[in-house]
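Colleague: Before I rely on the terms used for this model, I should like to go through them with you. Could we begin with strand pairing?

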Amino acid sequence: MSESHMSDDDDEPLLIAEGLGKWYGRQLGCRDVSFSLYAGEVIAVVGESGSGKSTLLQLLCGEIEPSCGRVLYRTRDGATRDLATLAEAERRFLARTDWGYVHQDAARGLRMGVSAGANVGERLMAVGARHYGRIREQAVSWLDRVEIDRERIDDSPRTYSGGMRQRLQIARNLVTQPRLILMDEPTGGLDVSVQARLLDLLRRLVADLKLSAVVVTHDLAVARLLSHRIVVMKGGSVIESGLTDQVLDDPREPYTQLLVASILPP
Amino acid sequence: MSAQGNIPVYNFAYLDEQTKRMIRRAVLKAVAIPGYQVPFASREMPMPYGWGTGGVQVTAAVLGPDDVLKVIDQGADDTANAVSIRKFFVRTAGVRTTTDTHAATVIQTRHRIPEAPLAEHQILVYQVPIPEPLRYLEPRETETRRMHALADYGLMHVKLYEDIARHGHIATTYAYPVKVEGRYVMDPSPTPKFDNPKMDHCAALQLFGAGREKRIYAIPPHTEVVSLDFEDHPFERYRLDGTCALCGSAESFLDEVITDDRGGRMFVCSDTDYCEGRRAEQPAAVAP
(Lines give C-alpha, C1' and ligand atoms only; values in the text may rest on other atoms or scores of the structure.)
Protein backbone atom coordinates (compact mmCIF):
# COMPACT_ATOMS: atom_id res chain seq x y z
CA MET A 1 0.00 0.00 0.00
CA SER A 2 2.77 2.43 0.82
CA GLU A 3 5.04 1.90 -2.18
CA SER A 4 5.18 5.00 -4.32
CA HIS A 5 3.37 5.45 -7.59
CA MET A 6 3.24 7.93 -10.39
CA SER A 7 1.49 11.06 -9.19
CA ASP A 8 -1.10 10.99 -11.97
CA ASP A 9 -1.92 7.36 -11.37
CA ASP A 10 -5.68 7.53 -11.02
CA ASP A 11 -6.06 3.80 -10.55
CA GLU A 12 -5.02 4.22 -6.95
CA PRO A 13 -7.56 5.66 -4.53
CA LEU A 14 -6.91 9.17 -3.24
CA LEU A 15 -8.33 8.48 0.19
CA ILE A 16 -8.89 5.17 1.93
CA ALA A 17 -10.76 4.65 5.18
CA GLU A 18 -9.93 1.30 6.75
CA GLY A 19 -12.10 0.00 9.57
CA LEU A 20 -12.47 3.46 11.08
CA GLY A 21 -14.02 3.63 14.51
CA LYS A 22 -14.34 6.24 17.20
CA TRP A 23 -15.56 5.93 20.75
CA TYR A 24 -16.07 8.96 22.94
CA GLY A 25 -15.54 7.10 26.19
CA ARG A 26 -18.43 4.64 26.24
CA GLN A 27 -20.32 6.66 23.65
CA LEU A 28 -20.04 5.38 20.09
CA GLY A 29 -19.16 7.92 17.41
CA CYS A 30 -18.91 5.57 14.48
CA ARG A 31 -17.55 2.07 13.87
CA ASP A 32 -16.05 -0.05 11.17
CA VAL A 33 -16.31 2.43 8.32
CA SER A 34 -14.33 1.48 5.23
CA PHE A 35 -14.37 2.98 1.76
CA SER A 36 -12.08 4.23 -0.97
CA LEU A 37 -12.40 7.56 -2.70
CA TYR A 38 -10.90 7.94 -6.17
CA ALA A 39 -9.73 11.12 -7.89
CA GLY A 40 -12.64 13.14 -9.28
CA GLU A 41 -15.20 11.17 -7.31
CA VAL A 42 -17.82 12.54 -4.93
CA ILE A 43 -19.14 10.42 -2.10
CA ALA A 44 -22.15 11.48 -0.07
CA VAL A 45 -22.54 10.34 3.51
CA VAL A 46 -26.19 10.47 4.53
CA GLY A 47 -28.01 9.64 7.71
CA GLU A 48 -29.96 11.27 10.50
CA SER A 49 -28.49 13.42 13.26
CA GLY A 50 -26.28 11.42 15.58
CA SER A 51 -25.55 8.73 13.03
CA GLY A 52 -21.82 9.45 13.11
CA LYS A 53 -21.52 11.46 9.88
CA SER A 54 -19.67 14.41 11.35
CA THR A 55 -17.44 12.17 13.44
CA LEU A 56 -16.48 10.36 10.26
CA LEU A 57 -15.63 13.63 8.53
CA GLN A 58 -13.45 14.77 11.41
CA LEU A 59 -11.67 11.42 11.37
CA LEU A 60 -11.01 11.73 7.66
CA CYS A 61 -9.24 15.07 7.97
CA GLY A 62 -7.28 14.03 11.04
CA GLU A 63 -8.98 16.53 13.29
CA ILE A 64 -9.71 13.78 15.80
CA GLU A 65 -7.84 10.52 16.32
CA PRO A 66 -9.58 7.25 15.50
CA SER A 67 -10.02 4.67 18.25
CA CYS A 68 -9.32 2.00 15.66
CA GLY A 69 -8.65 1.75 11.94
CA ARG A 70 -6.73 4.22 9.83
CA VAL A 71 -6.99 6.79 7.08
CA LEU A 72 -4.64 6.62 4.11
CA TYR A 73 -4.10 9.51 1.74
CA ARG A 74 -2.20 9.59 -1.53
CA THR A 75 -0.09 12.76 -1.55
CA ARG A 76 0.92 14.64 -4.68
CA ASP A 77 4.22 12.79 -4.89
CA GLY A 78 2.25 9.57 -5.32
CA ALA A 79 3.03 8.01 -1.95
CA THR A 80 0.11 6.71 0.07
CA ARG A 81 0.55 7.81 3.67
CA ASP A 82 -1.18 6.93 6.91
CA LEU A 83 -2.50 10.17 8.40
CA ALA A 84 -1.62 9.04 11.90
CA THR A 85 2.07 8.87 10.97
CA LEU A 86 2.22 12.39 9.53
CA ALA A 87 3.89 15.03 11.66
CA GLU A 88 1.56 17.82 12.64
CA ALA A 89 3.40 20.30 10.41
CA GLU A 90 2.88 17.99 7.41
CA ARG A 91 -0.76 17.47 8.27
CA ARG A 92 -1.32 21.21 8.52
CA PHE A 93 0.43 21.78 5.25
CA LEU A 94 -1.77 19.18 3.56
CA ALA A 95 -4.84 20.67 5.22
CA ARG A 96 -4.22 24.03 3.67
CA THR A 97 -2.87 23.04 0.29
CA ASP A 98 -4.33 19.70 -0.69
CA TRP A 99 -7.54 19.64 1.32
CA GLY A 100 -10.47 21.89 1.92
CA TYR A 101 -13.02 21.76 4.70
CA VAL A 102 -16.38 23.45 4.24
CA HIS A 103 -18.25 23.89 7.51
CA GLN A 104 -22.00 24.01 7.78
CA ASP A 105 -21.70 27.25 9.74
CA ALA A 106 -19.67 29.55 7.48
CA ALA A 107 -18.63 31.66 10.46
CA ARG A 108 -16.58 28.69 11.69
CA GLY A 109 -14.78 28.28 8.39
CA LEU A 110 -14.19 31.96 7.78
CA ARG A 111 -12.18 34.55 9.62
CA MET A 112 -14.98 36.96 10.40
CA GLY A 113 -12.70 39.74 11.60
CA VAL A 114 -10.98 40.35 8.27
CA SER A 115 -12.17 41.24 4.79
CA ALA A 116 -13.35 38.76 2.17
CA GLY A 117 -10.16 39.29 0.17
CA ALA A 118 -7.99 38.44 3.15
CA ASN A 119 -10.11 35.35 3.76
CA VAL A 120 -9.45 34.11 0.26
CA GLY A 121 -5.80 35.13 0.37
CA GLU A 122 -5.01 33.56 3.74
CA ARG A 123 -4.09 30.14 2.40
CA LEU A 124 -1.89 31.70 -0.26
CA MET A 125 -0.04 33.72 2.34
CA ALA A 126 0.24 30.65 4.57
CA VAL A 127 2.12 28.81 1.84
CA GLY A 128 4.43 31.74 1.21
CA ALA A 129 2.78 34.20 -1.21
CA ARG A 130 4.32 37.59 -0.44
CA HIS A 131 3.14 39.75 -3.33
CA TYR A 132 0.09 41.80 -2.41
CA GLY A 133 -0.93 42.55 -5.98
CA ARG A 134 -0.91 38.92 -7.07
CA ILE A 135 -2.72 37.71 -3.94
CA ARG A 136 -5.42 40.26 -4.64
CA GLU A 137 -5.70 39.27 -8.28
CA GLN A 138 -6.28 35.68 -7.26
CA ALA A 139 -8.83 36.74 -4.66
CA VAL A 140 -10.74 38.75 -7.28
CA SER A 141 -10.73 35.90 -9.75
CA TRP A 142 -12.04 33.50 -7.11
CA LEU A 143 -14.78 35.88 -6.07
CA ASP A 144 -15.81 35.95 -9.71
CA ARG A 145 -15.85 32.19 -9.88
CA VAL A 146 -18.11 31.86 -6.87
CA GLU A 147 -20.32 34.68 -8.16
CA ILE A 148 -19.57 37.27 -5.51
CA ASP A 149 -19.47 40.86 -6.71
CA ARG A 150 -15.80 41.87 -6.85
CA GLU A 151 -16.74 45.26 -5.39
CA ARG A 152 -17.35 43.48 -2.11
CA ILE A 153 -13.77 42.23 -1.79
CA ASP A 154 -12.88 44.59 1.04
CA ASP A 155 -16.09 44.04 2.98
CA SER A 156 -16.18 41.91 6.09
CA PRO A 157 -18.00 38.58 5.73
CA ARG A 158 -20.23 39.82 8.56
CA THR A 159 -21.94 41.99 5.99
CA TYR A 160 -22.53 38.99 3.71
CA SER A 161 -25.73 36.97 3.47
CA GLY A 162 -25.70 33.29 4.44
CA GLY A 163 -25.40 32.11 0.85
CA MET A 164 -22.58 34.54 0.08
CA ARG A 165 -20.70 33.45 3.19
CA GLN A 166 -20.96 29.86 2.12
CA ARG A 167 -19.66 30.71 -1.36
CA LEU A 168 -16.85 32.75 0.17
CA GLN A 169 -15.93 29.78 2.33
CA ILE A 170 -15.75 27.64 -0.77
CA ALA A 171 -13.53 30.16 -2.57
CA ARG A 172 -11.24 30.36 0.44
CA ASN A 173 -10.83 26.59 0.39
CA LEU A 174 -10.32 26.22 -3.34
CA VAL A 175 -7.75 28.97 -3.85
CA THR A 176 -4.80 26.63 -3.36
CA GLN A 177 -6.38 24.14 -5.78
CA PRO A 178 -6.83 21.28 -3.35
CA ARG A 179 -7.56 17.76 -4.54
CA LEU A 180 -9.92 16.76 -1.76
CA ILE A 181 -12.82 18.70 -0.27
CA LEU A 182 -14.68 17.62 2.84
CA MET A 183 -18.07 19.24 3.23
CA ASP A 184 -20.25 19.16 6.31
CA GLU A 185 -23.84 20.01 5.36
CA PRO A 186 -22.74 22.69 2.89
CA THR A 187 -26.33 23.77 2.18
CA GLY A 188 -27.62 23.50 5.73
CA GLY A 189 -29.57 26.48 6.98
CA LEU A 190 -29.94 28.15 3.59
CA ASP A 191 -33.25 28.77 1.91
CA VAL A 192 -34.23 26.69 -1.07
CA SER A 193 -33.37 29.03 -3.94
CA VAL A 194 -30.00 29.85 -2.39
CA GLN A 195 -29.39 26.14 -1.91
CA ALA A 196 -30.09 25.48 -5.55
CA ARG A 197 -27.63 28.12 -6.66
CA LEU A 198 -24.97 26.85 -4.32
CA LEU A 199 -25.44 23.28 -5.48
CA ASP A 200 -25.15 24.42 -9.08
CA LEU A 201 -21.91 26.17 -8.27
CA LEU A 202 -20.51 23.22 -6.35
CA ARG A 203 -21.38 20.83 -9.13
CA ARG A 204 -19.63 23.00 -11.69
CA LEU A 205 -16.52 23.53 -9.56
CA VAL A 206 -16.20 19.86 -8.71
CA ALA A 207 -16.38 18.98 -12.40
CA ASP A 208 -14.08 21.80 -13.60
CA LEU A 209 -11.39 21.20 -11.02
CA LYS A 210 -11.74 17.40 -10.99
CA LEU A 211 -12.16 17.56 -7.24
CA SER A 212 -12.72 14.59 -5.03
CA ALA A 213 -15.19 15.25 -2.28
CA VAL A 214 -16.87 13.72 0.71
CA VAL A 215 -20.18 15.46 1.37
CA VAL A 216 -21.96 14.87 4.64
CA THR A 217 -25.63 15.69 4.38
CA HIS A 218 -29.03 14.69 5.66
CA ASP A 219 -30.59 16.02 2.49
CA LEU A 220 -30.98 13.25 -0.08
CA ALA A 221 -31.55 15.78 -2.85
CA VAL A 222 -28.09 17.19 -2.24
CA ALA A 223 -26.66 13.69 -2.33
CA ARG A 224 -28.42 12.90 -5.59
CA LEU A 225 -27.25 16.10 -7.27
CA LEU A 226 -23.63 16.08 -6.17
CA SER A 227 -22.48 12.56 -5.55
CA HIS A 228 -21.51 9.54 -7.58
CA ARG A 229 -21.64 7.13 -4.70
CA ILE A 230 -23.49 7.18 -1.43
CA VAL A 231 -22.89 5.81 2.05
CA VAL A 232 -25.88 5.48 4.38
CA MET A 233 -25.11 5.59 8.09
CA LYS A 234 -27.25 4.72 11.07
CA GLY A 235 -26.26 4.49 14.71
CA GLY A 236 -22.58 4.89 13.88
CA SER A 237 -22.39 2.13 11.28
CA VAL A 238 -22.60 2.03 7.51
CA ILE A 239 -25.75 0.14 6.63
CA GLU A 240 -25.78 0.53 2.89
CA SER A 241 -23.53 1.90 0.19
CA GLY A 242 -23.38 1.94 -3.59
CA LEU A 243 -23.97 4.10 -6.63
CA THR A 244 -26.13 7.05 -5.72
CA ASP A 245 -28.86 6.42 -8.27
CA GLN A 246 -28.99 2.77 -7.40
CA VAL A 247 -29.29 3.29 -3.68
CA LEU A 248 -31.81 6.09 -3.94
CA ASP A 249 -33.96 4.46 -6.61
CA ASP A 250 -33.80 0.97 -5.22
CA PRO A 251 -32.97 1.06 -1.52
CA ARG A 252 -32.52 -2.33 0.10
CA GLU A 253 -32.27 -1.57 3.80
CA PRO A 254 -35.51 -0.69 5.60
CA TYR A 255 -33.91 2.43 7.05
CA THR A 256 -32.80 3.66 3.63
CA GLN A 257 -36.26 2.95 2.29
CA LEU A 258 -37.64 5.05 5.09
CA LEU A 259 -35.22 7.89 4.29
CA VAL A 260 -36.13 7.85 0.62
CA ALA A 261 -39.82 7.59 1.36
CA SER A 262 -39.68 10.55 3.72
CA ILE A 263 -38.84 12.98 0.91
CA LEU A 264 -41.89 14.95 -0.10
CA PRO A 265 -42.78 14.24 -3.70
CA PRO A 266 -42.09 17.25 -5.92
CA MET B 1 12.24 60.32 53.22
CA SER B 2 15.62 60.80 54.79
CA ALA B 3 18.73 60.09 52.79
CA GLN B 4 19.91 57.26 55.01
CA GLY B 5 22.02 55.77 52.28
CA ASN B 6 20.81 52.42 51.12
CA ILE B 7 19.81 50.55 54.19
CA PRO B 8 18.36 47.35 52.75
CA VAL B 9 14.77 47.74 53.77
CA TYR B 10 14.14 45.56 50.75
CA ASN B 11 16.36 42.92 49.27
CA PHE B 12 18.68 44.36 46.61
CA ALA B 13 16.49 45.55 43.72
CA TYR B 14 13.27 44.69 45.60
CA LEU B 15 12.86 41.05 44.47
CA ASP B 16 14.17 38.21 46.62
CA GLU B 17 17.09 36.17 45.31
CA GLN B 18 15.02 33.09 44.41
CA THR B 19 12.70 35.17 42.29
CA LYS B 20 15.62 36.84 40.53
CA ARG B 21 17.11 33.42 39.83
CA MET B 22 13.85 32.28 38.31
CA ILE B 23 13.69 35.37 36.11
CA ARG B 24 17.34 35.01 35.09
CA ARG B 25 16.69 31.43 34.04
CA ALA B 26 13.83 32.65 31.85
CA VAL B 27 16.09 35.38 30.44
CA LEU B 28 18.83 32.86 29.62
CA LYS B 29 16.35 30.63 27.85
CA ALA B 30 14.99 33.62 25.96
CA VAL B 31 18.49 34.58 24.84
CA ALA B 32 19.13 31.01 23.73
CA ILE B 33 15.99 30.99 21.56
CA PRO B 34 15.82 34.50 20.05
CA GLY B 35 12.27 35.79 19.75
CA TYR B 36 10.67 32.89 21.62
CA GLN B 37 8.30 33.86 24.43
CA VAL B 38 9.41 32.17 27.64
CA PRO B 39 6.73 31.89 30.34
CA PHE B 40 7.84 32.99 33.79
CA ALA B 41 6.22 33.31 37.20
CA SER B 42 5.59 37.04 37.11
CA ARG B 43 5.28 38.62 40.57
CA GLU B 44 3.06 41.30 41.92
CA MET B 45 5.00 44.54 41.85
CA PRO B 46 4.24 47.70 43.81
CA MET B 47 2.81 49.36 40.72
CA PRO B 48 -0.20 48.67 38.53
CA TYR B 49 -0.11 46.46 35.46
CA GLY B 50 0.53 48.57 32.42
CA TRP B 51 3.15 50.62 34.23
CA GLY B 52 5.99 48.33 33.32
CA THR B 53 5.77 45.49 35.84
CA GLY B 54 7.38 43.10 33.34
CA GLY B 55 10.22 45.47 32.49
CA VAL B 56 10.83 46.24 36.16
CA GLN B 57 11.16 42.55 37.04
CA VAL B 58 13.63 41.96 34.21
CA THR B 59 15.62 45.04 35.19
CA ALA B 60 15.64 43.92 38.83
CA ALA B 61 16.98 40.51 37.77
CA VAL B 62 19.81 41.83 35.57
CA LEU B 63 20.81 44.84 37.65
CA GLY B 64 24.07 44.76 39.64
CA PRO B 65 25.39 47.26 42.21
CA ASP B 66 27.82 48.75 39.65
CA ASP B 67 25.24 49.32 36.94
CA VAL B 68 24.12 52.73 35.79
CA LEU B 69 20.40 52.84 35.09
CA LYS B 70 18.51 54.97 32.61
CA VAL B 71 14.72 54.81 32.32
CA ILE B 72 12.78 56.32 29.44
CA ASP B 73 9.10 56.60 28.74
CA GLN B 74 8.19 57.44 25.14
CA GLY B 75 11.80 58.54 24.72
CA ALA B 76 11.68 61.01 27.59
CA ASP B 77 13.63 60.74 30.86
CA ASP B 78 11.38 63.12 32.76
CA THR B 79 7.86 61.72 32.45
CA ALA B 80 6.00 60.16 35.37
CA ASN B 81 6.60 56.51 34.48
CA ALA B 82 10.32 57.04 33.90
CA VAL B 83 10.82 59.11 37.05
CA SER B 84 8.95 56.71 39.31
CA ILE B 85 10.75 53.60 38.05
CA ARG B 86 14.12 55.33 38.34
CA LYS B 87 13.30 56.34 41.92
CA PHE B 88 12.15 52.82 42.66
CA PHE B 89 15.55 51.39 41.80
CA VAL B 90 17.47 54.17 43.51
CA ARG B 91 15.59 53.31 46.66
CA THR B 92 15.63 49.54 46.45
CA ALA B 93 19.01 48.94 44.78
CA GLY B 94 20.92 52.15 45.38
CA VAL B 95 22.27 52.11 41.84
CA ARG B 96 23.49 55.19 40.07
CA THR B 97 21.13 56.63 37.48
CA THR B 98 21.65 58.76 34.44
CA THR B 99 19.78 60.30 31.58
CA ASP B 100 22.79 59.98 29.29
CA THR B 101 22.33 57.07 26.88
CA HIS B 102 26.09 56.50 26.51
CA ALA B 103 26.72 56.40 30.25
CA ALA B 104 23.96 53.88 31.01
CA THR B 105 24.59 50.15 31.27
CA VAL B 106 20.94 49.16 31.71
CA ILE B 107 18.20 51.12 29.96
CA GLN B 108 14.58 50.35 30.72
CA THR B 109 12.27 51.69 28.06
CA ARG B 110 8.63 52.10 27.30
CA HIS B 111 7.88 52.51 23.58
CA ARG B 112 11.19 53.86 22.25
CA ILE B 113 14.74 52.87 21.42
CA PRO B 114 17.22 55.70 22.04
CA GLU B 115 18.46 57.56 18.97
CA ALA B 116 22.12 57.10 19.97
CA PRO B 117 23.51 53.75 18.84
CA LEU B 118 23.77 51.22 21.66
CA ALA B 119 26.96 49.40 22.57
CA GLU B 120 27.86 45.86 23.57
CA HIS B 121 28.08 46.54 27.30
CA GLN B 122 24.49 47.82 27.41
CA ILE B 123 21.19 46.04 28.04
CA LEU B 124 17.92 47.46 26.75
CA VAL B 125 14.85 46.30 28.73
CA TYR B 126 11.45 46.80 27.13
CA GLN B 127 8.13 47.02 28.94
CA VAL B 128 5.68 44.92 26.96
CA PRO B 129 1.89 45.05 27.29
CA ILE B 130 0.93 42.28 24.82
CA PRO B 131 3.76 39.95 23.84
CA GLU B 132 1.78 37.82 21.38
CA PRO B 133 1.94 39.23 17.83
CA LEU B 134 -0.85 36.89 16.70
CA ARG B 135 -3.21 37.75 19.53
CA TYR B 136 -5.75 39.91 17.70
CA LEU B 137 -5.98 37.42 14.85
CA GLU B 138 -6.08 34.24 16.89
CA PRO B 139 -7.48 34.56 20.40
CA ARG B 140 -6.63 31.02 21.55
CA GLU B 141 -3.31 30.81 23.38
CA THR B 142 -3.06 27.05 22.72
CA GLU B 143 -3.38 27.76 19.02
CA THR B 144 -0.88 30.65 18.87
CA ARG B 145 1.69 28.53 20.69
CA ARG B 146 1.22 25.77 18.18
CA MET B 147 1.54 28.28 15.36
CA HIS B 148 4.86 29.50 16.78
CA ALA B 149 6.05 25.92 17.20
CA LEU B 150 5.28 25.11 13.58
CA ALA B 151 6.45 28.52 12.28
CA ASP B 152 2.94 28.84 10.86
CA TYR B 153 2.93 32.59 10.28
CA GLY B 154 0.67 33.15 7.28
CA LEU B 155 -1.80 34.88 9.54
CA MET B 156 0.63 37.71 10.25
CA HIS B 157 0.54 38.62 6.59
CA VAL B 158 -3.25 38.50 6.64
CA LYS B 159 -3.05 41.41 9.06
CA LEU B 160 -0.72 43.36 6.78
CA TYR B 161 -2.91 42.49 3.77
CA GLU B 162 -5.89 43.88 5.64
CA ASP B 163 -3.97 47.11 6.29
CA ILE B 164 -3.20 47.62 2.61
CA ALA B 165 -6.76 46.71 1.57
CA ARG B 166 -8.16 49.32 3.93
CA HIS B 167 -5.61 52.10 3.80
CA GLY B 168 -3.65 51.54 0.61
CA HIS B 169 -0.44 50.99 2.53
CA ILE B 170 0.72 49.13 5.63
CA ALA B 171 -0.83 51.36 8.24
CA THR B 172 0.57 49.56 11.27
CA THR B 173 2.85 52.19 12.78
CA TYR B 174 3.76 50.62 16.10
CA ALA B 175 4.09 47.06 17.41
CA TYR B 176 5.10 46.23 13.86
CA PRO B 177 5.79 42.47 13.66
CA VAL B 178 9.36 41.28 13.08
CA LYS B 179 10.97 37.94 12.37
CA VAL B 180 13.95 37.21 14.58
CA GLU B 181 16.91 35.23 13.26
CA GLY B 182 14.72 33.79 10.50
CA ARG B 183 12.54 31.84 12.91
CA TYR B 184 10.19 33.40 15.48
CA VAL B 185 7.80 36.19 14.69
CA MET B 186 7.87 38.66 17.54
CA ASP B 187 6.00 41.73 18.69
CA PRO B 188 8.63 44.40 19.38
CA SER B 189 6.34 45.95 22.05
CA PRO B 190 4.58 49.15 21.05
CA THR B 191 7.70 50.87 19.75
CA PRO B 192 7.09 52.95 16.62
CA LYS B 193 8.09 51.12 13.47
CA PHE B 194 10.65 53.91 13.01
CA ASP B 195 12.70 52.03 15.63
CA ASN B 196 12.43 48.58 14.05
CA PRO B 197 15.63 48.88 11.98
CA LYS B 198 17.55 49.75 15.14
CA MET B 199 16.79 46.28 16.51
CA ASP B 200 18.48 44.61 13.58
CA HIS B 201 22.06 43.59 14.43
CA CYS B 202 21.95 45.80 17.51
CA ALA B 203 25.13 45.55 19.59
CA ALA B 204 23.25 45.65 22.89
CA LEU B 205 21.27 42.81 24.45
CA GLN B 206 17.53 43.47 24.15
CA LEU B 207 15.21 41.93 26.75
CA PHE B 208 11.42 42.12 26.76
CA GLY B 209 9.30 41.65 29.85
CA ALA B 210 5.52 41.35 29.96
CA GLY B 211 4.33 41.28 33.57
CA ARG B 212 0.61 40.72 33.19
CA GLU B 213 1.05 38.20 30.39
CA LYS B 214 3.97 36.52 32.22
CA ARG B 215 6.33 36.27 29.27
CA ILE B 216 9.98 37.15 28.69
CA TYR B 217 11.67 37.19 25.30
CA ALA B 218 14.96 38.47 23.97
CA ILE B 219 17.07 39.51 21.03
CA PRO B 220 20.74 38.67 21.65
CA PRO B 221 23.35 41.14 20.37
CA HIS B 222 24.04 41.16 16.62
CA THR B 223 20.89 39.23 15.72
CA GLU B 224 19.02 39.58 12.47
CA VAL B 225 15.62 41.25 12.92
CA VAL B 226 13.51 41.64 9.80
CA SER B 227 10.25 43.59 9.62
CA LEU B 228 7.57 41.62 7.78
CA ASP B 229 6.25 43.08 4.53
CA PHE B 230 5.08 42.34 0.99
CA GLU B 231 7.31 42.35 -2.07
CA ASP B 232 5.25 45.13 -3.65
CA HIS B 233 4.66 46.95 -0.33
CA PRO B 234 8.07 46.91 1.37
CA PHE B 235 8.58 47.96 4.96
CA GLU B 236 9.01 51.70 5.35
CA ARG B 237 10.10 53.70 8.35
CA TYR B 238 7.66 56.35 9.39
CA ARG B 239 8.48 59.70 10.93
CA LEU B 240 6.54 62.96 11.03
CA ASP B 241 7.61 65.29 8.28
CA GLY B 242 9.41 68.08 10.13
CA THR B 243 12.40 69.11 12.17
CA CYS B 244 12.76 69.39 15.91
CA ALA B 245 11.89 72.90 17.09
CA LEU B 246 14.52 72.71 19.82
CA CYS B 247 17.57 71.08 18.27
CA GLY B 248 16.70 71.19 14.57
CA SER B 249 17.18 67.47 13.99
CA ALA B 250 15.70 66.19 10.76
CA GLU B 251 16.46 62.55 11.54
CA SER B 252 15.09 61.86 14.98
CA PHE B 253 11.63 60.54 15.81
CA LEU B 254 9.36 63.49 16.59
CA ASP B 255 6.53 64.16 19.02
CA GLU B 256 3.86 66.63 18.06
CA VAL B 257 3.15 69.13 20.82
CA ILE B 258 -0.01 71.23 20.75
CA THR B 259 0.90 74.71 21.95
CA ASP B 260 -2.44 76.52 21.98
CA ASP B 261 -6.10 76.05 21.06
CA ARG B 262 -5.81 77.79 17.70
CA GLY B 263 -3.99 75.04 15.86
CA GLY B 264 -0.53 76.03 17.01
CA ARG B 265 1.88 73.11 17.29
CA MET B 266 5.51 72.23 17.28
CA PHE B 267 7.60 69.13 16.72
CA VAL B 268 10.19 68.09 19.23
CA CYS B 269 12.48 65.08 19.51
CA SER B 270 10.86 62.24 21.41
CA ASP B 271 14.30 61.26 22.75
CA THR B 272 15.01 64.04 25.27
CA ASP B 273 18.60 62.99 25.92
CA TYR B 274 19.42 63.08 22.21
CA CYS B 275 17.80 66.50 21.88
CA GLU B 276 19.64 67.96 24.88
CA GLY B 277 22.92 66.55 23.62
CA ARG B 278 22.48 68.23 20.28
CA ARG B 279 21.54 71.53 21.87
CA ALA B 280 24.61 71.42 24.11
CA GLU B 281 26.78 71.00 21.04
CA GLN B 282 25.34 74.10 19.37
CA PRO B 283 25.41 76.90 21.97
CA ALA B 284 24.55 79.46 19.30
CA ALA B 285 21.05 78.07 18.97
CA VAL B 286 18.25 80.50 19.70
CA ALA B 287 16.36 79.90 22.89
CA PRO B 288 12.73 79.04 22.17
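Modeller: Two strands are said to pair if DSSP finds at least two bridges between them. The model is a predicted one. In it, D184(A) of β7(A) stands opposite V216(A) in β8(A).

Colleague: How do you know that β7(A) and β8(A) pair?

Modeller: Pairing requires at least two bridges. Five bridges link β7(A) with strand β8 (residues 212-217) of chain A, in the parallel sense, so the two strands pair by that definition. Between them the chain passes through helix α7 (residues 192-208) of chain A, and this β-α-β crossover is right-handed.

Colleague: What makes the crossover from β7(A) to β8(A) right-handed?

Modeller: The term applies if, with the strands pointing away from the viewer, the path from the first strand over the helix to the second runs clockwise. The path from β7(A) through α7 of chain A to β8(A) is of this right-handed kind.

Colleague: Which strand lies on the other side of β7(A), and how do the two run?

Modeller: β6(A) is joined to β7(A) by four bridges, and these strands run parallel. Y101(A) has L182(A) in β7(A) as its bridge partner.

Colleague: Why are β6 and β10 of chain A said to stand at the edges?

Modeller: The open sheet has six strands in the order β6-β7-β8-β3-β9-β10 (chain A), with mixed pairing. β6 (99-102) and β10 (237-243) of chain A each have a single partner strand, so one side of each lacks a neighbour in the sheet. For β10(A), strand β9 (residues 229-234) of chain A is joined to it by six antiparallel bridges, and I230(A) stands opposite G242(A).

Colleague: Why is β7(A) called mostly covered?

Modeller: A residue is buried if 20 or more other C-beta atoms lie within 10 Å of its own. Five of the five residues of β7(A) are buried. L180(A), L182(A) and D184(A) are on one side, with I181(A) and M183(A) on the other. In a regular strand the side chains alternate between the two faces of the sheet. Helix α6 (residues 162-174) of chain A lies across β6 and β7 (180-184) of chain A.

Colleague: What puts the buried residues of α3(B) on the same side?

Modeller: The buried residues of α3(B) include I85(B), F88(B), F89(B) and T92(B). They cover an arc of only 155° around the axis, which puts them on the same side of α3(B). A80(B) and K87(B), on the other side, are exposed.

Technical notes: Residues are numbered from 1 along each chain as its sequence is written. Chains are lettered from A and ligands numbered from 1 in the order in which they are written. This is a predicted model: local features need pLDDT of at least 70, side-chain atom pairs count only at pLDDT 80 or more; totals for chains, interfaces and linings use all residues. A residue is buried if 20 or more other C-beta atoms lie within 10 Å of its own, exposed if 12 or fewer, and partly exposed in between; C-beta atoms are placed from the backbone. The arc is that of the directions from the helix axis to the C-beta atoms. Two residues are in contact if their C-beta atoms, placed from the backbone, lie within 7 Å. Axes are lines fitted to C-alpha atoms, for helices over the stretch in contact, and angles run from 0 to 180 degrees between N-to-C directions.
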